[in-house]
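Ready for a bit of practice with cysteines and cores? Grab a pencil and work through the exercises below, one step at a time.

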Amino acid sequence: MRFEGNERLEDTSACAGVRADLKMCLLESDCCKKDKRTPRECLQSNLVPEECQVLRNTFFECKRSLLDNRMRFRGHKGY
């Protein structure tokens with residue numbers, strides 16, 4: 001996610017950047033804009049672009065790395 005100047009996310013937790021990118025991708029998709037569906041409904045019906053599917057998988061991997069004890073040494077996935 002790109003920020004101008006000194007802008008930062010309020011959420012500083014792990015995976016926050018990926019979550020914000022996924023949220024914006026879903027809200028800008030045709031499913032949410034034209035069909036007036038919620039992002040959750042769009043994800044469940046797979047009516048989102050490929051970019052959002054990739055971000056969803058990245059978010060999943062990031063959240064999974066928080067639970068994986070081996071990842072403590074390697075760091076969290078995502079950004």
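**Exercise 1. Work out how Cys 31 and Cys 42 are linked.**

Step 1: The sulfur atoms of Cys 31 and Cys 42 sit 2.0 Å apart, so they form a disulfide, which is defined as a pair of cysteine sulfur atoms within 2.5 Å.

Step 2: Now the handedness: the torsion about the S-S bond of Cys 31 and Cys 42 is about -95 degrees, so this disulfide is left-handed.

Step 3: Place both ends: Cys 31 is in helix H2 and Cys 42 in helix H3, eleven residues apart. Helices here are DSSP runs (H or I, at least four residues), numbered from the N terminus.

Before you go on, a word on the model: it is predicted, so local features need pLDDT of at least 70 and side-chain atom pairs count only at pLDDT 80 or more, while totals for chains, interfaces and linings use all residues. Residues are numbered from 1 along each chain as its sequence is written, and side-chain values use heavy atoms, with hydrogens and water left out.

**Exercise 2. Find the other disulfides and give the pairing.**

Step 1: Searching the whole structure turns up three disulfides.

Step 2: One of them joins Cys 15 to Cys 62, S to S 1.8 Å. Cys 15 lies in the segment before H1 and Cys 62 in helix H4, 47 residues apart.

Step 3: Another is formed by Cys 25 and Cys 52, with sulfur atoms 1.9 Å apart. This pair ties helix H1 to helix H4 across 27 residues, and at -100 degrees about the S-S bond the link is left-handed.

Step 4: Number the bonded cysteines in sequence order and you get the pairing 1-6, 2-5, 3-4. Cys 32 is in no disulfide; the nearest cysteine sulfur, that of Cys 42, is 3.7 Å away.

**Exercise 3. Is Cys 42 buried or exposed, and what does Cys 42 touch?**

Step 1: Cys 42 has 0% relative accessibility, so Cys 42 counts as buried. The cut-offs are under 20% relative accessible area for buried, over 50% for exposed and partly exposed in between (1.4 Å probe, protein chains only).

Step 2: Leaving aside neighbours within four places in sequence, Cys 42 is in contact with Cys 31, Cys 32, Arg 37, Leu 47 and Val 48. Contact means heavy atoms within 4.5 Å.

**Exercise 4. Describe the largest nonpolar core.**

Step 1: Start with the term: a nonpolar core is a set of buried Ala, Val, Leu, Ile, Met, Phe, Trp, Tyr and Cys residues joined through side-chain atoms within 4.5 Å.

Step 2: The largest one has 14 residues, and Leu 22, Leu 26, Cys 42, Val 48, Cys 52 and Phe 59 touch the most other members. Helices H1, H2, H3 and H4 each supply at least two residues of this core.
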